[in-house]
Number of protein chains: 2
Amino acid sequence: MLTQTGEYALRAMVYMARKPGEGFCGVKEIAASTGVPANYLAKILQQLARSKVLDSQKGFGGGFRLNRPREEITLFDVIDPLERVEKFDQCVLGQRLCNDQVACPLHDTWKAIKGQYLGSLHSTTLQDIADFRSKAEVLEHKSTSPALSKR
Amino acid sequence: MLTQTGEYALRAMVYMARKPGEGFCGVKEIAASTGVPANYLAKILQQLARSKVLDSQKGFGGGFRLNRPREEITLFDVIDPLERVEKFDQCVLGQRLCNDQVACPLHDTWKAIKGQYLGSLHSTTLQDIADFRSKAEVLEHKSTSPALSKR
DNA sequence: AGCGAAACGGACCTAGTTATCCTATTGTCG
DNA sequence: CGACAATAGGATAACTAGGTCCGTTTCGCT
């Protein structure tokens with residue numbers, strides 16, 4: 001479903017999206033909080049920076065931060081630069097020619113499955129994830145919730 | 001979305017499901033028709049035989065065949081024995097404890113995405129795929145279609 | 001200007017997946 | 001029974017993804 005790399009990227013992005021404030025956060029901090037190997041995470045974040053999802057800053061006090069507001073970054077934006085998405089366009093049965101007109105037996109079925117998946121990735125933003133509150137939290141703050149007025 | 005191995009398995013199974021007759025088909029035949037490396041395909045089919053999706057027969061005239069009627073084999077049955085499905089149960093964010101009660105921020109979202117995918121795999125049978133007719137075929141046989149009376 | 005903290009980039013190592021090859025083993029046919 | 005055709009299964013090679021290491025560059029701070 002997700003490669004290890006894609007999963008790591010998601011962990012880091014969710015971490016950053018949920019962290020209050022606008023400052024840069026360092027690789028070490030993110031790695032420690034998400035359990036991702038620091039050196040490898042650095043590579044991943046560099047790729048995300050290259051694809052303009054993240055913004056990076058060298059030197060003291062530097063690190064990474066979201067390059068756009070949370071609600072404008074989808075799960076697709078995070079995963080797309082890291083996984084072999086070109087395979088998505090290729091026919092599962094290996095036919096050279098396979099499209100809506102000339103289709104392999106699996107085409108319609110697989111197109112639907114693929115569509116659902118990509119649709120979900122495209123329609124879910126980091127905002128949606130960041131807004132999440134566990135049931136425990138919801139119960140705890142049910143009556144006197146200041147956090148919900150954020151919006 | 002699918003590993004190479006899973007894709008190859010699907011190709012072979014669709015081929016067998018669409019092939020008329022009940023006899024065994026050899027690895028070489030399937031490999032030639034689906035473009036899958038023959039030796040590797042043999043390994044895959046052996047695994048599918050071990051997981052009771054296929055039936056195998058050694059010796060002259062031997063090969064593989066579906067172990068159950070087409071309509072009782074789902075895409076999930078084909079892919080499940082070959083891919084690391086245990087990962088599906090693990091929290092994407094890496095939390096040791098993550099379930100409906102105590103959940104990570106991604107839990108609900110990812111559960112939905114996963115559910116759609118697995119649901120599709122479970123609800124699509126080889127019969128559904130085998131029944132497929134391309135638009136060209138549909139047009140060709142539109143008026144005098146004997147094939148549709150199969151059911 | 002000099003120091004240290006960070007990302008950047010390249011080289012390299014490791015492990016898992018994909019693919020090949022070779023030797024059994026088991027079946028059919030003459 | 002012997003020849004042959006097929007799967008079964010083990011060993012191994014090739015490739016790719018995952019992961020580490022180290023020197024370089026860029027920045028903030030004093």
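Colleague: What makes Ser56(A) a polar contact of DNA strand C?

Modeller: Ser56(A) has a side-chain N or O atom 2.6 Å from a phosphate oxygen of DNA strand C. The limit for a polar contact is 3.5 Å, so this pair counts. Do keep in mind that we're looking at a predicted model.

Colleague: How do you know that Tyr8(B) and Gln57(B) touch DNA strand C in that way too?

Modeller: Run the same check. A polar side-chain atom of Tyr8(B) sits 3.2 Å from a phosphate oxygen of DNA strand C. For Gln57(B) the distance is 3.3 Å, and the partner is a sugar or linking oxygen of that strand. Both values are within 3.5 Å, so both pairs are polar contacts. As for who gives two or more residues to this surface, it's α3, β1 (54-57) and β2 (63-66) of chain A together with α1 and α3 of chain B.

Colleague: Which residues come nearest to DNA strand C, and what part of the strand do the atoms close to the protein belong to?

Modeller: Out of 25 residues around DNA strand C, the nearest are Lys43(A), Gln46(A), Ser56(A), Thr5(B) and Tyr8(B). Of the strand's atoms within 4 Å of the protein, 70% are sugar and phosphate.

Colleague: Okay, now DNA strand D. How do you know that Ser56(B), Tyr8(A) and Arg84(A) make polar contacts there?

Modeller: Ser56(B) puts a polar side-chain atom 2.7 Å from a phosphate oxygen of DNA strand D. Tyr8(A) does so at 3.1 Å, and an N or O atom in the side chain of Arg84(A) is also 3.1 Å from a phosphate oxygen. Each distance is within the 3.5 Å limit, so each pair passes.

Colleague: How do the residues near DNA strand D divide by type?

Modeller: There are 7 nonpolar, 13 polar and 6 charged ones. Sugar and phosphate, by the way, make up 67% of the atoms of DNA strand D that come within 4 Å of the protein.

Colleague: Why is the pair Lys87(B) and Glu7(A) called a salt bridge?

Modeller: Their closest N and O atoms are 3.4 Å apart. The cut-off is 4 Å between a Lys or Arg nitrogen and a carboxyl oxygen of Asp or Glu, so the name fits. Lys87(B) is in the loop between α4 (75-79) and α5 (107-123) of chain B, while Glu7(A) is in helix α1 of chain A, so the pair joins two chains. Glu7(A), Arg11(A) and Lys87(B) are in fact linked in a network of salt bridges.

Colleague: Why is Glu7(A) called buried, but Lys87(B) partly exposed?

Modeller: Buried means under 20% relative accessible area, and Glu7(A) has 9%, so it's buried. Lys87(B) has 33%, which falls between 20% and 50%, so it's partly exposed.

Colleague: And what makes Asp100(A) and Lys111(A) a salt bridge?

Modeller: The closest N and O atoms are 2.9 Å apart, and that's within 4 Å, so the pair qualifies. Asp100(A) is in the loop between α4 and α5 of chain A and Lys111(A) is in helix α5, 11 residues apart.

Colleague: Where in chain A is the pLDDT below 50?

Modeller: Chain A averages 91, with 90% of its residues scoring at least 70. Residues 145-151 are where the pLDDT is below 50, and beyond near neighbours in sequence this stretch has 3 contacts in the model. Where pLDDT is low, the predicted coordinates shouldn't be read in detail.

Key. Residues are numbered from 1 along each chain as its sequence is written. Chains are lettered from A and ligands numbered from 1 in the order in which they are written. This is a predicted model: local features need pLDDT of at least 70, side-chain atom pairs count only at pLDDT 80 or more; totals for chains, interfaces and linings use all residues. Side-chain values use heavy atoms; hydrogens and water are left out. A residue is near a molecule or strand if one of its heavy atoms lies within 4 Å of it. A polar contact is a pair of N or O atoms within 3.5 Å; within protein, one must be able to donate a hydrogen and the other to accept it, and residues adjacent in sequence count only if both atoms are side-chain atoms. Ala, Val, Leu, Ile, Met, Phe, Trp, Tyr, Cys and Pro count as nonpolar, Asp, Glu, Lys and Arg as charged, and the others, Gly among them, as polar. pLDDT is the predictor's confidence in each residue, from 0 to 100. Contact means heavy atoms within 4.5 Å. A salt bridge is a side-chain nitrogen of Lys or Arg within 4 Å of a carboxyl oxygen of Asp or Glu. Helices (H or I, at least four residues) and strands (E, at least two) are DSSP runs, numbered from the N terminus. Buried means under 20% relative accessible area, exposed over 50%, partly exposed in between (1.4 Å probe, protein chains only).
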